[in-house]
Amino acid sequence: MIRANSSLVVLALLFTAACGGSEPAPKAPEPEPAPVADMPAPAVAEVAKPVEAPMPEPVAAPAVLALPAATAKIDMKGKKAAKVELKSDGTVTNGGKAVAKVSGMALQSPDGAKSLLSVGSDGAVTTGDGGSYGSFSGDELTMTKGDKLTLGDDGMLTMTSAGKTAPLGKFDGASTAKRSAVLAAAFVLAPPAAAKPAGVAKPMAAPSKPAAAPSKK
């Protein structure tokens, strides 16, 4: 009986070996790695920018009346003939005698001690005592009485009065100094009251002739 059981055990082992043995137990699935949470990027230390000093506002150059590069000349004809020159330093002469000087935006006395005419930023021209003399529109000067002085690109100076325009002469060398040239010509033609020379005393009246003696009859 014991031998029979042993034979059965041996046969079972042989049968198992013949069939390739038992299947291996299924392999347990490997655990998936835990998801890694998105970590915030390390903060980068901000570099402080240097504080820039504010740029100073550009200072506008003071307005000035342009002057010619060389002496500008005109022989004015008409009711009041004149030989006017405007020099590069602003000196205005009439007949070779200094009568005024352009400085900045004003026409001053030759020594610069007195303002004769001033041109405002709006083109208004005022006298030394603040009275109105006229106004510029571009390079054309309209005086308070309505007369207009215009200097063309060709240097021709004209006056318009009572609706009639007449040439006064040619301003040679004025170039871009048109306002200065027109102002100089206007001053010579129509100086403001405060700039006019003192009146010349009237000559004494000639003595009247004695009455003729009555004729003897």
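Visitor: Is Lys178 buried or exposed?

Guide: Lys178 is buried, with a relative accessible area of 12%. Bear in mind that this is a predicted model.

Visitor: Which residue forms a salt bridge with Lys178?

Guide: Asp153 does, and the closest N and O atoms of the pair are 2.3 Å apart. The two sit in distant parts of the chain, 25 residues apart. Asp153 lies in the loop between strand S10 (148-151) and strand S11 (156-161), while Lys178 belongs to helix H2 (residues 178-189).

Visitor: And Asp153, buried or exposed?

Guide: Asp153 counts as exposed, at 77% relative accessibility. The bridge therefore joins an exposed Asp153 to a buried Lys178.

Visitor: Back to H2. How many of its 12 residues are buried?

Guide: 11 of the 12, so H2 is largely enclosed by the rest of the structure. Among the buried ones are Val182, Leu183, Phe187, Val188 and Leu189, along with Lys178.

Visitor: What span does H2 reach, first C-alpha to last?

Guide: H2 reaches 16 Å, close to the 16 Å expected at 1.5 Å a residue.

Visitor: Different topic. How many salt bridges does the count come to?

Guide: The count comes to 2 salt bridges. Besides the Asp153 and Lys178 pair, the side chains of Asp75 and Lys83 meet in one, at 3.2 Å from N to O.

Visitor: Where do Asp75 and Lys83 stand on accessible area?

Guide: Asp75 is partly exposed, with a relative accessible area of 43%. Lys83 is partly exposed too, at 45%.

Visitor: Why would such side chains pair at all?

Guide: Side chains of opposite charge can pair when their charged atoms come close.

Technical notes. Residues numbered from 1 in each chain as written. Predicted model: local features only at pLDDT ≥ 70, side-chain atom pairs only at ≥ 80, totals over all residues. Heavy atoms only, no water. Salt bridge = Lys/Arg side-chain N within 4 Å of Asp/Glu carboxyl O. Buried < 20%, exposed > 50% of the residue type's maximum accessible area, 1.4 Å probe, protein only. Helix = DSSP H or I, 4+ residues; strand = E, 2+ residues; numbered from the N terminus. Expected span 1.5 Å × (residues − 1).
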